[in-house]
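Subject: Structure handover, with notes

Dear colleague,

Please find the structure below, followed by my notes on the ligand site and on one helix.

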Amino acid sequence: MAARDPLHEAIEETTRIVAASSYVVALVGAGISVESGIPPFRGPGGIWTKVGEPVMNGYQRFIADPAEWWAERLSDRDELSEFIQALEAAQPNKAHQAMAEMERDGFLHHTITQNIDNLHQEAGSQEITEIHGNRLKLRCIDCDARFPLKEFPLDEIPPRCPQCRGIMKPDTVMFGEPIPVDALRSCEYHTSLCDCMLLVGTSAVVYPAAEFPIIALRNGARLIEVNPEETPLSDLCAAILRAPAGEALPRLLEELRRARKSTS
Ligand code: APR
């Protein structure tokens, strides 16, 4: 008799947990976009592994001289060009698509993403909080108003907010920058409701995002990890899909649909 693949049993267990849950939230990291050609930050092939961890006061440097920061930003695309090129070329992969379908089918209620790549939206997901911002937007540092980058005139440096004349910066959260209040409140709200949290492609070492699974666990939620590698949260998980997200999530979606059909 053919050996049952361990992933299949883990998917069956995950299906039981998700099907029995009333509010499922996914916390997503760079790992989900690796199969779209975007390198992760840490571990093998990680951006920080290659170029070194960035300075932790990026935001303070921006605030100190926004005009200088913008001038530099618009003149050269600095050493992160490999990352920026990968972002610009990336398309949603099977994992993003499976999550969008899980949302449409009512298995997944909200996604908290640490990614700035906009791939969840391009895959059709609607219920999303981008805790680290979105690369296609600018945000006012005074009123937090956000505008699509491609429609925003950059004739004035630093660019100014059309609503309050505040200084505009990329919506992406810089190291040293506080998480925008609206995004943080949204993360806390959905975490407080969730009774099952999927941890997809995150090393779970960056805060405050890495705190949400702990808060959910304290509230009695079950954690499920989708990651080919171990993380500091693996031992706290009720089930683990130890595989790339592009393999695990489409199979999970298929099993959730099969289980729903068999009980309806
Ligand atoms: N599918 C699922 N997980 C994967 C895959 C894959 N195909 N490939 C790699 N991973 C996992 C890795 O094993 C690792 O645990 O994804 C994780 C990526 O971890 P990080 O690179 O640390 O990314 P992330 O957790 O999103 O980092 C958090 O740190 O640098 C900041 O702002 C940046 O949002 C980022 C934050």
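By class, the shell around the ligand holds eleven nonpolar, eight polar and three charged residues (Ala, Val, Leu, Ile, Met, Phe, Trp, Tyr, Cys and Pro count as nonpolar, Asp, Glu, Lys and Arg as charged, and the others, Gly among them, as polar). This is a predicted model, in which local features need pLDDT of at least 70 and side-chain atom pairs count only at pLDDT 80 or more, while totals for chains, interfaces and linings use all residues. Residues are numbered from 1 along each chain as its sequence is written, and side-chain values use heavy atoms, with hydrogens and water left out.

Of the 22 residues around the ligand (those with a heavy atom within 4 Å of it), F41, R42, W48, T202 and S203 come nearest. As for polar contacts (pairs of N or O atoms within 3.5 Å), an oxygen atom of the ligand is 2.7 Å from an N or O atom in the side chain of R42, and a ligand nitrogen atom is 2.8 Å from an N or O atom in the side chain of E35. A polar backbone atom of Q114 is 3.2 Å from an oxygen atom of the ligand. Taken alone, the ligand exposes 740 Å², of which the protein buries 90% (Shrake-Rupley method, 1.4 Å probe).

In helix α1 (helices being DSSP runs of H or I with at least four residues), L7, A10, I11, T14, T15, I17 and V18 are buried, that is, under 20% relative accessible area with a 1.4 Å probe and protein chains only. Seen down the axis of α1, these buried residues fall within an arc of 165° (taken from the directions from the helix axis to the C-beta atoms), so they line one face of the helix. On the other side of α1, R16 and A19 are exposed, meaning over 50% relative accessible area.

Best regards

Terms used
A polar contact is a pair of N or O atoms within 3.5 Å; within protein, one must be able to donate a hydrogen and the other to accept it, and residues adjacent in sequence count only if both atoms are side-chain atoms. Helices (H or I, at least four residues) and strands (E, at least two) are DSSP runs, numbered from the N terminus.
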